[in-house]
Amino acid sequence: MRTLIVDGEWNLKRNYNAREIYSSNGEHCSGVFGFLENLGMILNKTLPDRVIVVWDGDMSGKLRHDTYPLYKHDHKSWDEESYVRTEEELDSEVRKKVSIGNHKRKLKNLFENLFIRQVEVEYIEGDDLIAQYVLTREPDEHILIYSRDQDYYQLIDENVSVYRPVDNIILTPKNFRKLLGYTHKNCLLYKCFKGDASDNIAGVPGVALKTLLKYFPLFADEEYDIERIIDEASTQYIKDTKKSKSKTLQNILGSRHIVNRNKKLMDLKNPFVNQEAVDEIELIRYCVLAKENGFVDRSVNDAVKEFIKEGYGRHVFNNDINLFFTPYYRISAKEKEYTKKMLES
């Protein structure tokens with residue numbers, strides 16, 4: 001079985017911000033239309049058996065924030081006073097947040113009729129939900145993750161790939177080393193050294209990928225952990241006869257606590273999930289999207305009608321709406337086959 005997992009929050013926001021287009025009803029619609037258009041193209045390229053769109057839950061990231069209070073420290077939902085903004089800036093942020101929320105609501109409603117599986121859990125970030133699904137996948141399941149987030153690289157294995165949208169390349173264990181310069185097995189360790197400024201997670205000063213490859217050439221091909229890094233750095237530091245010892249090596253030698261802290265925050269093979277998230281992932285994995293006795297309570301045609309009613313059709317190439325929804329008809333057929341199989345088993 002081939003499963004396409006889509007990072008919903010990222011794909012919605014990037015389409016929302018990519019262009020400013022309006023429906024024939026005069027409403028801003030780039031988030032909804034762009035997501036549907038983009039997903040349709042990916043479906044045509046990858047031909048999955050099922051699609052799962054994963055959303056960030058309300059207050060997503062709170063579990064990490066509780067563990068590490070500096071995590072996304074400027075998240076206004078956690079600390080209203082941490083923001084100092086003008087009324088104009090605040091009004092603009094609120095309007096944009098409300099607008100994106102409306103786009104998300106409309107997409108979720110459309111996906112219900114397009115046989116797209118969805119999952120969202122309060123407090124839980126989408127990447128943790130995706131990781132939980134990957135780690136508990138079926139033995140014969142091949143997963144493709146569609147996202148710009150490089151954190152997912154650490155989940156790559158023989159049955160898990162990442163679709164990189166910047167160049168439409170699918171990263172696998174076979175091509176990762178050639179394309180990125182190091183083995184996928186060291187993705188997490190590299191990220192721990194690098195840190196993540198967007199999440200306010202500091203890395204080790206002066207240590208980038210080229211630094212690791214310079215001091216540890218085998219990092220490109222062999223799996224490392226922090227202890228091996230420090231052992232090899234110690235050997236090099238002792239051999240360094242310069243009066244001014246390498247500042248970079250000193251930083252690496254003193255990095256154990258930073259790397260171990262970051263590993264706890266970034267390790268998607270140990271995701272931040274609660275029991276509700278575990279249960280929701282199991283539900284979305286095995287649920288059927290049609291009722292018993294062959295009666296389907298959803299229809300791609302209903303989504304098409306809603307699409308037209310909302311006034312999105314004006315942006316469809318050559319106004320061929322049936323062609324636009326062709327990938328979704330294929331997914332609906334696949335899900336109906338799955339429903340029949342499950343009901344017969």
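# A sheet, its helices and two buried residues

Strand 2 (residues 50-54) and strand 3 run parallel and are joined by 3 bridges; two strands count as paired if DSSP finds at least two bridges between them. Helices (H or I, at least four residues) and strands (E, at least two) are DSSP runs, numbered from the N terminus. Within this pair, V54 stands opposite V119 in strand 3.

This is a predicted model, in which local features need pLDDT of at least 70, side-chain atom pairs count only at pLDDT 80 or more, and totals for chains, interfaces and linings use all residues. Residues are numbered from 1 along each chain as its sequence is written, and side-chain values use heavy atoms, leaving out hydrogens and water.

**The chain as a whole**

If you step back for a moment, you will find 15 helices and 6 strands in the chain. Its C-alpha atoms fill a box of roughly 75 × 55 × 40 Å, taken along the principal axes. Of the 345 residues in the chain, 47% are buried, where buried means under 20% relative accessible area, exposed over 50% and partly exposed in between (1.4 Å probe, protein chains only). A contact is a pair with heavy atoms within 4.5 Å. Among contacts in the chain between residues at least 6 apart in sequence, 69% join residues at least 24 apart.

**The sheet**

In what order do the 6 strands of the open sheet stand? The order is 3-2-1-4-5-6, and the pairing is mixed. Strand 3 (117-119) and strand 6 (169-171) are at the edges with a single partner strand each, so one side of each has no neighbour in the sheet. On average, neighbouring strands of this sheet are turned by 25° against each other, direction ignored. Axes here are lines fitted to C-alpha atoms, for helices over the stretch in contact, and angles run from 0 to 180 degrees between N-to-C directions.

Two helices pack on this sheet. Helix 1 (residues 8-18) touches strand 1 (2-7), strand 2 and strand 4 (142-146), and its direction makes about 55° with that of strand 1. Helix 2 (residues 30-46) touches strand 1, strand 2, strand 4 and strand 5 (160-164), and its direction makes about 155° with that of strand 1.

Here are three of the strand pairings side by side:

| Strand pair | Sense | Bridges | One facing pair |
|---|---|---|---|
| Strand 2 and strand 3 | parallel | 3 bridges | V54 and V119 |
| Strand 4 and strand 5 | parallel | 4 bridges | I143 and V160 |
| Strand 5 and strand 6 | antiparallel | 3 bridges | R164 and I169 |

Strand 5 deserves a second look: 5 of its 5 residues are buried. From this strand, V160, V162 and R164 point one way, while S161 and Y163 point the other way. Together with strand 6, strand 5 forms a hairpin with 4 residues in between, and N168 in the turn has a positive phi of about 60°.

**Helix against helix**

Helix 2 also meets helix 15 (residues 326-344): the two pack at an angle of about 65°, with their axes 8 Å apart. On the side of helix 2, the contact is made by F35, L36, L39, G40, L43 and N44, while helix 15 brings P327, Y328 and I331.

Now turn to helix 11 (residues 256-266), with the buried residues I258, V259, N262, L265 and M266. Seen down the axis of helix 11, these residues fall within an arc of 125°, so they line one face of the helix; the arc is taken from the directions from the helix axis to the C-beta atoms. The buried residues pack against helix 3 (62-67), helix 7 (187-194) and helix 9 (226-239). On the face of helix 11 turned away from its buried side sit the exposed residues H257 and K264.

**Two residues to look up**

Is Y153 buried or exposed? With a relative accessible area of 5%, Y153 is buried, and you will find this residue in the loop between strand 4 and strand 5. Leaving aside neighbours within four places in sequence, Y153 is in contact with V162, R164, L171, F176, L180, H184 and C187. In contrast, the C-alpha atoms of Y153 and H28, 125 residues apart along the chain, are separated by 34 Å.

Q132, in helix 5 (residues 126-135), counts as buried at 12% relative accessibility. Which residues does Q132 touch, not counting those up to four places away in sequence? They are P271, V273, V278, I281 and R285.
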